[in-house]
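Me: I would like to go through this structure with you and learn where its labels come from. Could you take me through them one at a time?

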Amino acid sequence: MQLIQSLDTKGKAILGAVALGFVAAVFLLFKLTTAPSWQTVQSGLDPAQTGKVTSALADKGIAFELQQNGSAVAVQEASVAQARIALAEAGVSGTAQQPGFELLDKQKLGASSFQQQVAYQRALEGQIAQTIGQVQGVGSAQVRLTLPKDELFTDEEKPSTAAVLLGSAGTLDGGGVRGIANLVASSVPGLKTDAVTITDAAGQMLWPQGEGGAAGNGAASKTAMQARYESQLQSQLDAMLARTVGPDKAQVQVRADLNVDDATKEQLEYATKGTPLTQTEESETLRGQGAAGQAAGTGSNIPAYAQGQAGGGGTSNYRKNATKTEFGVNKTVTRTRVAPGAVNRLSVSVMVDKAAKADVAAIQKAVEAAAGTQQGRDTVSVQEVTFAKPVEAPAPGPLGAIPGGIPGIAKIAGLGLGVLLFLFFMTRHLRKREDEELGEPAWLAQLAAAEREALPAAPAGQPAQPGMVIPTMQDFEDPRKMAIENLVEREPERVAAQLRTWITEE
């Protein structure tokens, strides 16, 4: 305070300006370091898609910021991963939708036939893309059609073709790809299914050579079907446990092994009892007399009429009855086409928070029944563990939230180091100024000299009387203060005149 009081008006003004500049610099640095950093997660959005994106983020409690006149959405850097997961769960894609038949409502009067044909093709492409976007597992779709001109001769006509780009928001099996190909082919006149090309966002061919084509039961199709089955079953179990033990109190993980072979099963069964087809009855009867027995030799072989004598004999009565039945075998041939998707093995793991104090045995029985498990084939494990406490994000202050991560820590450390250096040099400068010896002002020396001249001098050769001793500057505790006070008391007019002179000079 003594240093500040010793400064003149100009020095005080400079010191005040320096202090205000320091406060402003600290305020700006704090605002820059604590302001949240935004990162764009979706851009080039259609206004309708922007509403879906913001709704999905708001449902998860994620702060967002609209950019580029509403066509882009940004979130804080610490929430980028959480925002992408939320958008994926909601099935929201950032690709702008193609306009459909609403393009035809904006036709200009006097448009040429070529313009009308192009507008119709664009409208048809957009309408098909919007329809494909409603298929489960498809986030967005872009459709490009090639519609040839009508030719006079049939052999000169070129076939129509179509290219579809899918932005999948989930898993899409071979049956879904085949359905999309048939949908596109049925929407365009003269378009065949083989002329439709379907590609996913990764550039993989899905139709016709891919998993949706003739060889649609490969490894990729099995992985997609298993992922879809696991996701659906896991969602159902999560919903059931959330209503039972509370939200975020249980975690479910499902692993399934599916049989995706498209096979045909034939079964042949025979009946234990046959069915008579035809029945034949035979009856044979013989009645008469026979010749008597003769002795052995040639004589016995000569006929009786040749011997000229009648031989003795006996009577004969022969009868035979037979029935023949042909039975047909009763057999059953069953031909069954086995659809892919049978479960070979299912594993379900459930973790329950100890804080929920749930009945583990009851939960395991409920999960086994809900998942449709079979004893000896599937495995269900329910464990009770302690869940980690969620990290609560700090509430944003008036200047924004403190940024997280290494960049935020570096900013805060730099700000603190700058403030410490400023305080160090400022304190050093002030101490240096305090330690400096202030020289005696010229006006004070003039006042002291005038005071000495005003005092009466002692006679020569006589010692000065006690009351006549001239006090020196060292005889007082503060000689300058005493001299000024004495001079003001004796000659106030002179002091006032001198002060007015100094003020005028300054």
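Reply: Gladly, and we start with a definition: a residue is buried under 20% relative accessible area, exposed over 50%, and partly exposed in between, using a 1.4 Å probe and protein chains only. Please keep in mind that this is a predicted model, where local features need pLDDT of at least 70, side-chain atom pairs count only at pLDDT 80 or more, and totals for chains, interfaces and linings use all residues. Residues are numbered from 1 along each chain as its sequence is written, and side-chain values use heavy atoms, with hydrogens and water left out.

Me: Why is Glu266 called exposed?

Reply: Glu266 has a relative accessibility of 57%, so Glu266 counts as exposed by the over 50% rule.

Me: What makes the contact of Arg335 with Glu266 a salt bridge?

Reply: A salt bridge needs a side-chain nitrogen of Lys or Arg within 4 Å of a carboxyl oxygen of Asp or Glu. The closest N and O atoms of Arg335 and Glu266 are 3.3 Å apart, so the pair fits the definition. This pair links distant parts of the chain, with Arg335 in strand E12 and Glu266 in strand E9 (residues 263-270), 69 residues apart. Strands here are DSSP runs of E with at least two residues, helices are runs of H or I with at least four, and both are numbered from the N terminus. Arg335, at 61% relative accessibility, counts as exposed too.

Me: How many salt bridges does this rule give?

Reply: The count comes to five. One of them joins the side chains of Lys249 and Asp353, at 3.9 Å from N to O. Lys249 lies in the loop between helix H7 (219-245) and strand E8 (250-259), while Asp353 is in strand E13 (residues 342-353), 104 residues apart.

Me: Which of the words buried, partly exposed and exposed fits Asp353, and which fits Lys249?

Reply: Asp353 is at 7%, so Asp353 is buried. Lys249 is at 28%, so Lys249 is partly exposed.

Me: What makes Glu491 and Arg494 a salt bridge?

Reply: Their side chains meet at 3.2 Å, N to O. Glu491 has a relative accessible area of 27%, so Glu491 is partly exposed. Arg494, at 47%, is partly exposed as well.

Me: Why is H5 called roughly antiparallel to H6?

Reply: The axes of helix H5 (residues 113-132) and helix H6 (residues 174-187) come within 11 Å and cross at roughly 150°. That makes H5 roughly antiparallel to H6, because angles over 145 degrees count as roughly antiparallel, under 35 as roughly parallel, 65 to 115 as roughly perpendicular and the rest as oblique.

Me: What makes Val333 part of a nonpolar surface patch?

Reply: Patches are made of residues with over 30% relative accessible area and no salt bridge, where nonpolar side chains (Val, Leu, Ile, Met, Phe, Trp, Tyr) are joined within 5 Å and like charges within 9 Å. Val333 is at 44%, which is partly exposed, so Val333 passes the area cut-off. Val333 makes the patch of about 410 Å² with Leu268, Tyr270 and Val329, and is found in strand E12 (residues 331-338).

Me: How do you know that Asp248 is exposed?

Reply: Asp248 has a relative accessible area of 71%, so Asp248 is exposed. Phi of Asp248 is near 60°, a positive value in a residue other than glycine. Asp248 sits in the loop between H7 and E8.

Definitions and conventions. Areas by Shrake-Rupley, 256 points an atom, 1.4 Å probe, with all protein chains shown as cover. Axes fitted to C-alpha atoms, helices over the stretch in contact; angles between N-to-C directions.
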